[in-house]
Amino acid sequence: MKTLFDKTHIGAMKLKNRFIRAAVAEKTQDGHINDNTLKLYEKLAQGGAGALITGFTLVDGEEKNFPLMACYDDSFLEGHRKLTNIVHENGTNIILQLVYVGSYIMGDASGVTILAPSAVKNLNTGIVPREIKITEIKNIQEKFAAAALRAKNSGYDGIEIHAAHGFFLSQFMTPYYNRRTDIYGGSAENRSRMSLETYDAIRQYAGNDFPILIKINVNDGFDGEVLFEDVLYLCKKLTERGINAIEISGAWQKLPKESTSYFKKEAETIAAQNNIKVIMTGGNLHFNEMTDILNTTKVEYFGMARALMKNADLVNMFEKQYGMD
Ligand SMILES: Cc1cc2nc3c(=O)[nH]c(=O)nc-3n(C[C@H](O)[C@H](O)[C@H](O)COP(=O)(O)O)c2cc1C
C-alpha cells in the first residue's frame, strides 16, 4: 500500500512526502521578496510539506503594474536566493511558479500593452487586449526561459509554468479566448503549441536535470471553456517531451467550499493515460480521502493551498496522527 509519507522524487528533486503546498500569490510593491515573504515561507517549510510552490512570479517587466513577485531581471536574484536558503535550511524543496498574466492583469493597466491570443474581452477584468503577434509569442517564451534560468541560479529545486486559471498561457487552450486561425489556434495541436513551446524553451535554457512542472486547467467554468480532449492531447505531448510533473487544477473558485478533492476524475484519467507524475490540487483536506485516491488511481501528489493558509502545520499534524515511523 502506498502512503502519503512515501519518499519519492520528481526528476532530480527528492520529496519526503506527497504533500505539496500549491501556489498562493504574494503581493510585493516592486516585485522584490520582502521580510514578510521570507517569514511566511520559513513557517510553511517548517510545516512539513514535501515541496512548496511559490505564488506566481512575473517573467516580464512590462507587467510590473501587477504587484507580484518578479524574476524578470538579475536585480531579483538576491531576494530569491534568500528565499531558497530559508526553505532549504528548514528541510524542504521550493519551486518557483512563473507567469505571464496577459489580459488577466489585476492592477493598474493604464499605459500597458495588454496581449492575449485574441482580442476578446477578459471575463474577469473587462479588458479588451490586443491579439499577440507571432514574433511577440517567441519573445514571451524566451522570457519564461530566462526567468527559469534565474530560478535555477537562485537555488530553486524546479520551476512551475502557470498555464491555468485564465492567465495568458491557459487562454490559448480555451476556445472563448483563443479565436486564432494560425498555427496557435483551432485544433488541439495548435492550441497546445504555446504551452509546449514554452516548455521547450525553458528546457533548453535550464537543462535536462532541472525539474519543470506545469499547472493546467481541466475546465474553466464558463461557456467556451477548454475541451477535456484538448487537455488530454496537451498532457500526452508534455509527457512525450519529458516534463517532470503536471499539476491538475481548474475553475476552483466556482466550486462550493465544502466539496473536497474535486478534480479527482480528470486527474485520474490524465494519470492513467500518461507515464507522468500527477499532482492533484483543489479541495484537498482529508487524509483518508487522499490516501484512498493515492491507492486507487495513479495520482501521486496532493497540492494544498487554502488548507495550509489556515494551518501551516497541517502536514506535521497529519504525520503525528497517521505517520508510520
Ligand atoms: C489567495 C490565493 C492565492 C492564489 N494564488 C495562486 C497563484 O499564485 N498561482 C496559482 O497557480 N494558483 C493560485 N491560487 C490557487 C491555488 O493554488 C489552488 O489551485 C486553489 O486554491 C485550490 O486549491 P485549495 O482547495 O487547496 O485551496 C491561489 C489561491 C488563493 C486562495
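This is a short tour of a predicted model, with stops at strand 13, its two neighbours and the ligand.

**Stop 1: strand 13.** Select residues 277-281, which form strand 13. Are its residues buried or exposed? Five of the five are buried, so the strand is largely enclosed by the rest of the structure. Now show the side chains. In a regular strand, side chains alternate between the two faces of the sheet. Here, Lys277, Ile279 and Thr281 lie on one side, while Val278 and Met280 lie on the other. Both faces are covered, and each of these residues is buried.

**Stop 2: strand 12.** Next, add residues 245-249, which make up strand 12. Strands 12 and 13 run parallel and are joined by four bridges. To find one matching pair, look for Ile246, which stands opposite Val278 of strand 13. Then colour residues 264-273: this is helix 7, through which the chain crosses from strand 12 to strand 13. The β-α-β crossover you are following is right-handed.

**Stop 3: strand 14.** Select residues 301-304 to bring in strand 14, which pairs with strand 13 in the parallel sense over three bridges. Which residue of strand 14 is the bridge partner of Ile279? It is Tyr301. Add helix 8, residues 287-296, and you have another β-α-β unit: strand 13, helix 8 and strand 14, again right-handed.

**Stop 4: the ligand.** Finally, select the ligand and the 21 residues that surround it. The closest are Ala22, Ala23, Ala25, Ala305 and Arg306. Try colouring this shell by class: you should find ten nonpolar, nine polar and two charged residues.

Note on methods:
Residues numbered from 1 in each chain as written. Predicted model: local features only at pLDDT ≥ 70, side-chain atom pairs only at ≥ 80, totals over all residues. Near = placed C-beta within 6 Å. Nonpolar A, V, L, I, M, F, W, Y, C, P; charged D, E, K, R; others polar. Buried ≥ 20, exposed ≤ 12 C-beta atoms within 10 Å, placed from the backbone. Helix = DSSP H or I, 4+ residues; strand = E, 2+ residues; numbered from the N terminus. Pairing = 2+ DSSP bridges. Right-handed = clockwise from strand over helix to strand, strands pointing away.
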